[in-house]
Amino acid sequence: MRPLNQKQTIKRILKQLRGYTHYIILSVLMAMVTVAGSLAVPIFFGDAINYMIEGATDWQGIFRCFILIAVSVAVTCIAQWLLNIINNKITYSVTLDIRKEAFEHIHKLPLKYLDAHPYGDLVSRNVADVDQFADGLLMGFTQFFTGVLTIISTLVMMFVLNWIIALAVFVLTPLSLFIAKFVSTRTYKLFRKNSQIRGEQTAFIDEMVGNLKVVQAFSHEDENSEKFDEINERLAKASQDATFFSSLPNPTTRFVNALVYAAVALAGALTIIYPSVLPVAFNVGKLSTLLSYANQYTKPFNEITGVITEIQNAIACAGRIYELIDEPLQIPDAPDAKQLKDVRGDVAFDGVSFSYTQERKLIENLNLDVKAGSRIAIVGPTGCGKTTLINLLMRFYDVDGGAISVDGNDIRTVTRSSLRRNYGMVLQDTWLKNGTVKQNIAMGKPDAGDEEIIQAAKNAHSHKFIVQLENGYDTVISEDGGNLSQGQKQLLCITRIMLSLPPMLILDEATSSIDTRTEMQIQHAFAKMMEGRTSFIVAHRLSTVKNADLILVMKDGKIIEQGRHEELIALGGFYNKLYNSQFAV
């Protein structure tokens with residue numbers, strides 16, 4: 001996916017805002033009221049000054065002006081308060097939509113994409129980048145838009161008061177606009193680079209913290225610190241470059257603004273002192289009003305050029321989020337895909353070919369016919385394609401050629417959800433969510449009662465350690481089961497399957513983290529669970545698959561031997577060597 005440029009990203013943001021048009025209209029109205037109130041105050045102040053210096057002091061007129069000033073200030077404050085509420089509503093509703101869209105999109109991405117991208121970078125896009133976008137969007141609404149309205153309105157009022165002085169102000173304006181344009185064209189790329197490096201840093205931290213035990217076991221702390229320092233230095237350099245360019249406009253525009261203010265004051269004073277020079281009626285009160293407008297006119301340029309920094313950063317972050325959202329989804333279910341129901345468990349591979357990359361072939365022309373209720377063991381050396389076979393069965397990946405069918409139905413013609421509901425899978429890598437033990441077990445069957453859950457735990461031999469926990473089945477497990485041992489986590493994953501009991505099972509090294517005595521108990525439970533269910537068992541310890549109905553021996557993506565344990569031992573081939581090597585003294 002090619003990165004979005006600035007123009008494309010802005011179009012996407014505007015499209016995202018369409019759903020909140022009514023709020024934007026309210027925001028515009030409140031901004032107009034705010035600006036109108038701020039424009040009215042200088043006029044009343046100017047009138048009050050004229051009441052003081054023109055003949056006798058008109059206290060009644062002065063009092064009336066102060067009443068009008070108070071009302072204007074009150075209306076402006078209320079409008080400003082409502083404007084902030086509306087802008088917050090727009091900003092955080094938009095970011096809520098984007099974050100939800102990005103998170104849901106991740107669930108629909110093919111595993112091929114997720115396997116090829118660091119998880120930390122995905123987290124950074126969905127969290128840090130969205131937060132940065134929210135900050136920039138909020139500042140854009142609260143300052144940029146109001147600032148533009150203020151500039152236009154004050155310029156019009158200055159032309160009404162004294163078009164000659166207003167013309168001088170207008171001539172000096174392009175200096176600030178040129179500076180803003182100069183900065184905006186350079187800071188977008190810098191902030192985008194900054195955001196990318198931040199994502200890289202988040203991915204590295206996520207990887208190291210998640211595997212800290214391994215890092216410490218191999219004494220790689222120093223190497224990791226060096227790597228982190230290198231990324232951190234690049235991030236600091238990118239941040240400094242972006243900040244340097246983004247900080248140029250403010251002092252520069254302040255200088256331009258000082259010139260504008262001085263020009264107005266000088267021209268106004270000369271007009272009053274020498275009324276015959278300029279054919280425009282002018283007095284001290286109008287000069288006071290004009291100076292106030294000049295200050296209001298130039299102030300937004302400072303704010304806008306400062307906001308440009310945040311807006312550029314927000315656009316860069318939004319671009320990264322939209323790139324994630326634009327990533328192609330996994331091949332969707334066919335329009336006429338049907339629900340897989342009343343599954344017996346007949347599974348067939350018909351000329352299946354698959355490879356993760358075109359350069360390296362993995363599985364070619366694989367044929368297999370598995371009858372319902374069979375226990376199929378898949379063995380072989382690391383990298384031979386055992387887990388790949390499981391990925392294809394679950395349709396985490398689609399085959400490149402041939403077909404896989406369940407009960408005679410090509411799995412590409414049924415919905416993924418119905419296919420996966422009919423499989424129960426226990427992997428070597430366990431995953432538990434942040435929640436109670438009961439909630440984690442019930443993932444396999446959300447409507448299960450307490451008695452069903454407890455019985456499943458007893459069948460999986462996890463009940464004993466669960467009741468010994470602080471709150472039993474109501475004990476809260478930290479993220480990924482961090483407060484449980486690896487064996488306990490795997491027992492809970494097995495308990496899920498015991499609870500749901502689907503018609504087909506996949507056990508990928510399901511007892512790899514369990515002690516020998518518990519494994520013997522679980523193998524007995526598995527045997528009971530697998531009765532009448534089609535089961536695919538991936539195992540490295542060949543002693544656990546001796547009772548399988550069929551053992552598939554894989555090597556380099558091909559089934560090189562198949563049969564029962566005794567038959568393969570008698571064959572004296574690859575399986576025989578593999579089996580005996582595990583018992584060699």
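**Entry 1: cysteines**

How many disulfides does the count come to by the rule I used? I took a disulfide to be a pair of cysteine sulfur atoms within 2.5 Å, and by this rule the count comes to zero. For my own reminder, a disulfide is a covalent bond between the sulfur atoms of two cysteines. I also looked up two cysteines by their accessibility, where buried means under 20% relative accessible area, exposed means over 50%, and partly exposed lies in between (1.4 Å probe, protein chains only). Cys317 has 0% relative accessibility and therefore counts as buried, and Cys493, at 8%, counts as buried as well.

**Entry 2: what kind of model this is**

I noted that this is a predicted model, in which local features need pLDDT of at least 70 and side-chain atom pairs count only at pLDDT 80 or more, while totals for chains, interfaces and linings use all residues. Residues are numbered from 1 along each chain as its sequence is written, and side-chain values use heavy atoms, with hydrogens and water left out.

**Entry 3: the whole chain**

I found 20 helices and 12 strands in the protein chain; helices (H or I, at least four residues) and strands (E, at least two) are DSSP runs, numbered from the N terminus. Of its 585 residues, 46% count as buried. I then looked at contacts, meaning heavy atoms within 4.5 Å, and among those between residues at least 6 apart in sequence, 78% join residues at least 24 apart.

**Entry 4: helix 5, helix 6 and Arg320**

I looked up how helix 5 (residues 119-126) meets helix 6 (residues 128-161), and the two pack at an angle of about 20 degrees with their axes 3 Å apart. Axes here are lines fitted to C-alpha atoms, for helices over the stretch in contact, and angles run from 0 to 180 degrees between N-to-C directions. That angle makes helix 5 roughly parallel to helix 6, since angles under 35 degrees count as roughly parallel, over 145 as roughly antiparallel, 65 to 115 as roughly perpendicular and the rest as oblique. Val123, Ser124, Arg125 and Asn126 of helix 5 make the contact with Ala128, Asp129 and Val130 of helix 6.

Helix 5 is mostly covered, with six of its eight residues buried; these are Gly120, Asp121, Leu122, Ser124, Arg125 and Asn126. I next turned to Arg320, which has its place in helix 11 (residues 284-325) and which, at 2% relative accessibility, counts as buried. Leaving out residues up to four places away in sequence, Arg320 touches Asp121, Ser124, Arg125, Asp129, Arg192, Ser195, Gln196 and Gly199.

**Entry 5: the sheet of six strands**

I traced an open sheet of six strands in the order 6-9-10-3-11-12, with mixed pairing; two strands pair if DSSP finds at least two bridges between them. Strand 6 (423-426) and strand 12 (558-563) stand at the edges with a single partner strand each, so one side of each has no neighbour in the sheet. On average, neighbouring strands of this sheet are turned by 15 degrees against each other, direction ignored. Helix 17 (residues 486-500) packs on the sheet and touches strand 6 and strand 9 (504-508), its direction making about 170 degrees with that of strand 6.

Which residues stand opposite each other where strand 3 meets strand 11? Strand 3 (residues 375-379) and strand 11 (residues 550-555) pair in the parallel sense over four bridges, and I noted Ile376 opposite Leu550 and Ala377 opposite Ile551. Strand 11 is mostly covered, as five of its six residues are buried.

On to the next pair, strand 11 and strand 12 run antiparallel and are joined by five bridges, with Gln562 in strand 12 as the bridge partner of Leu552. Their hairpin has two residues between the strands, and in it Asp556 takes a positive phi near 55 degrees.

**Entry 6: the sheet of four strands**

I also followed an open sheet of four strands, in the order 2-1-4-5 with antiparallel pairing. Strand 2 (363-370) and strand 5 (409-410) stand at the edges, each with a single partner strand, so one side of each is left without a neighbour. Strand 4 (residues 401-406) runs antiparallel to strand 5 and is joined to it by two bridges, and Asn409 in strand 5 is the bridge partner of Val406. Helix 12 (residues 386-393) packs on this sheet, touching strand 1 (347-354), strand 2 and strand 4, and its direction makes about 115 degrees with that of strand 1.
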